[in-house]
Amino acid sequence: MAEKMCESCLMPFSKDTGKRESDKYCSLCYKDGKLMYEGNDLKEFQKIVYESMRSRGSNPLWAWFATFMIRFAPRWKKTV
Ligand SMILES: [Zn+2]
């Protein structure tokens, strides 16, 4: 069975170091009872995730790839 991951940014829950409030979203996407990014602009969301990954020390190539993959997340699939 596939590993459970965030439906918004695709981060595997096993890599989520925060306190998760939702079954569908990671602790970064969903906080204090609501989605961190509530818009539906995929590009804008990708930029936020990229910058957040970089600020947490991810390698630029990996951050780029992970961010690119977001378009296949359940939350965004229907918008592209
Ligand atoms: Zn997420």
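**Exercise 1. Decide whether Arg 56 is buried, partly exposed or exposed, and say where it lies.**

Solution. The structure is a predicted model, in which local features need pLDDT of at least 70, side-chain atom pairs count only at pLDDT 80 or more, and totals for chains, interfaces and linings use all residues. Residues are numbered from 1 along each chain as its sequence is written. The first step is to recall the cut-offs: a residue is buried if 20 or more other C-beta atoms lie within 10 Å of its own, exposed if 12 or fewer, and partly exposed in between, with C-beta atoms placed from the backbone. The next step is to apply them: Arg 56 has 10 other C-beta atoms within 10 Å, and it is therefore exposed. Its place is in the loop between H1 and H2, where helices (H or I, at least four residues) and strands (E, at least two) are DSSP runs, numbered from the N terminus. Along the chain Arg 56 and Lys 43 are 13 residues apart, while their C-alpha atoms are 20 Å apart in space.

**Exercise 2. Apply the same reasoning to Glu 51, Trp 64 and Tyr 30.**

Solution. Glu 51, in helix H1, has 12 other C-beta atoms within 10 Å, so it is exposed. Trp 64, which is found in helix H2, has 15 C-beta neighbours inside 10 Å and so counts as partly exposed. Tyr 30, which lies in strand E1, has 21 such neighbours inside 10 Å and therefore counts as buried. Leaving aside neighbours within four places in sequence, Tyr 30 is in contact with Glu 21, Ser 22, Tyr 25, Leu 35 and Met 36, where contact means that the C-beta atoms, placed from the backbone, lie within 7 Å.

**Exercise 3. Describe how H1 and H2 are arranged, and which residues meet.**

Solution. Two packed helices are described by the angle between their axes and the distance between the axes. Here the axes of H1 (residues 42-55) and H2 (residues 60-69) come within 9 Å and cross at roughly 150°; axes are lines fitted to C-alpha atoms, for helices over the stretch in contact, and angles run from 0 to 180 degrees between N-to-C directions. H1 is therefore roughly antiparallel to H2, a description used for angles over 145 degrees. Turning to the residues, Gln 46, Val 49, Tyr 50, Met 53 and Arg 54 in H1 meet Pro 60, Ala 63, Ala 66 and Thr 67 in H2. These divide into 6 nonpolar, 2 polar and 1 charged, where Ala, Val, Leu, Ile, Met, Phe, Trp, Tyr, Cys and Pro count as nonpolar, Asp, Glu, Lys and Arg as charged, and the others, Gly among them, as polar.

**Exercise 4. Compare the surroundings of two residues with positive phi, Leu 10 and Asp 32.**

Solution. Most residues other than glycine have a negative phi. Leu 10, however, has a phi near 70°, and Asp 32 has a positive phi of about 50°. Leu 10 is in the segment before strand E1 (30-31), and with 20 other C-beta atoms within 10 Å it is buried. Asp 32, by contrast, is in the loop between E1 and strand E2 (34-35), and with 6 C-beta neighbours inside 10 Å it counts as exposed.

Methods. Parallel < 35°, antiparallel > 145°, perpendicular 65-115°, else oblique. Contact = placed C-beta atoms within 7 Å.
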